Amino acid sequence: MIGILGACLLEAANRSARRTYAQPERVYSISLVGNRVVVTTAGRHVNVYDLRNMSQPKQRRESSLKYQTRCVRCYPNGTGYALSSMEGRVVMEFFELTEAGQSKKYAFKCHRKYEAGRDIVYPVNAIAFHLIYGTFTTCGCDSFVNLWDGNNKKRLYQYPKYPTSFAALSFSKDGRLLAVASNNTYEEGEIP
């Protein structure tokens, strides 16, 4: 079944012509870097387009994450993208399809807590890259924002817990500010 990109309109290379492009399923997230557009859909589809020729994807992939994609964000340097999911994981992917290029990809668990003998997993709702330092942040339904060093594969900082979960985040262009959007998605029940 072919879904339609729906309300999502992608800008062509000249940034003035807008068109709608059919996708294999419902679109969950889109990210742009240079001339590349990465579109994630239901069914774990990941399509990579070149803005200069949007007639068909340059790459068709299946997400290595098992569950629904929540967010895709391209690396600022244009070498790949990060995907987050409902399963409390993030995977770092690379556009280069050679064996050497694909050997650099990795996934990690985040936005989880261990309580009463069980692992509680929260969706990772958003990813934002810092344009200057190359670090990135994730936010999720656990009400935390984490700062990561992707090159060294470690968490640098966890911001204090917020009263509700986070839906989105973004750095300012100069990287000095981090804006976050919160909402109650009722993971912890009703919040007064």
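I count a residue as buried when its relative accessible area is under 20%. On that reckoning, 44% of the 192 residues of the protein are buried. A reminder to myself before going on: this is a predicted model.

**Entry: the overall make-up**

I started with the secondary structure and found 1 helix and 20 strands in the protein. Next I looked up how far along the chain the contacts reach. Taking contacts between residues at least 6 apart in sequence, I found that 33% join residues at least 24 apart.

**Entry: strands β5, β6 and β7**

I followed β6 first, which covers residues 36–41. How many of its 6 residues are buried? I found 5 of them buried, so the strand is largely enclosed by the rest of the structure.

Then I checked its partners. With β5 (residues 27–33), β6 pairs in the antiparallel sense over 6 bridges. Here I noted S31 standing opposite V38 of β6. With β7 (residues 45–50), β6 again makes an antiparallel pairing, over 5 bridges. V39 has N47 in β7 as its bridge partner.

I also looked at the turns. The hairpin of β5 and β6 has 2 residues between the strands, and G34 takes a positive phi near 55 degrees there. In the hairpin of β6 and β7, 3 residues lie between the strands, and G43 has a positive phi near 75 degrees.

**Entry: S29**

I picked S29, a residue of strand β5. Is S29 buried or exposed? Its relative accessibility is 9%, and because the limit for buried is under 20%, S29 counts as buried.

I looked for what surrounds this serine. Beyond its neighbours within four places in sequence, S29 is in contact with V38, V39 and T40, and also with R70, C71, V72 and R73. I noted the C-alpha atoms of S29 and T40 at 5.4 Å from each other, with the two residues 11 apart in sequence. The side chain of S29 also reaches the backbone nitrogen of V72, at 3.0 Å.

**Entry: the cysteines**

One of the S29 contacts is C71, which sent me looking for disulfides. I found 0 of them in the structure. C71 is in none, and its nearest cysteine sulfur, that of C139, is 8.1 Å away. Why is there no bond between C139 and C71? The 8.1 Å between their sulfurs is too far for one; I set the limit for a disulfide at 2.5 Å.

I checked burial for both. C71 counts as buried at 3% relative accessibility, and C139 counts as buried at 0%.

**Entry: the open sheet**

I then traced a sheet of 4 strands, which is open and runs in the order β9-β10-β11-β12 with antiparallel pairing. Which strands are at its edges? They are β9 (69–74) and β12, each of which pairs on one side only. From one strand to the next, I get an average twist of 15 degrees.

Looking more closely at β11 and β12, I counted 4 bridges in their antiparallel pairing. V91 has A107 in β12 as its bridge partner.

**Entry: the nonpolar cores**

I asked which residues have the most contacts inside the largest nonpolar core. The core has 14 residues, and the answer is A82, V90, M92, F108, I127, F129 and F136. The elements giving two or more residues to this core are β11 (89–94), β12 and β15 (124–129). Apart from it I found another core, of 11 residues, with L65, V72, C74 and Y81 among them.

I took V90 for a closer look. Its contacts, leaving aside neighbours within four places in sequence, include A82, L83, Y106, F108, V124, I127 and T138.

**Entry: H111**

T138 came up again when I turned to H111. This histidine lies in the loop between β12 (106–109) and β13 (112–115). Although it lies in a loop, H111 is buried, with a relative accessible area of 3%.

Which side chains make polar contacts with that of H111? I found T138 at 2.7 Å and N146 at 3.3 Å. Not counting residues up to four places away in sequence, H111 also touches others, including I120, V121, Y122, V124, C139, G140, D142 and F144. C139 in that list is the buried cysteine from my earlier entry.

How values were computed:
Residues numbered from 1 in each chain as written. Predicted model: local features only at pLDDT ≥ 70, side-chain atom pairs only at ≥ 80, totals over all residues. Heavy atoms only, no water. Buried < 20%, exposed > 50% of the residue type's maximum accessible area, 1.4 Å probe, protein only. Polar contact = N/O pair within 3.5 Å; in protein donor to acceptor, adjacent residues only side chain to side chain. Contact = heavy atoms within 4.5 Å. Core = buried A, V, L, I, M, F, W, Y, C linked by side-chain atoms within 4.5 Å. Pairing = 2+ DSSP bridges. Axes fitted to C-alpha atoms, helices over the stretch in contact; angles between N-to-C directions.
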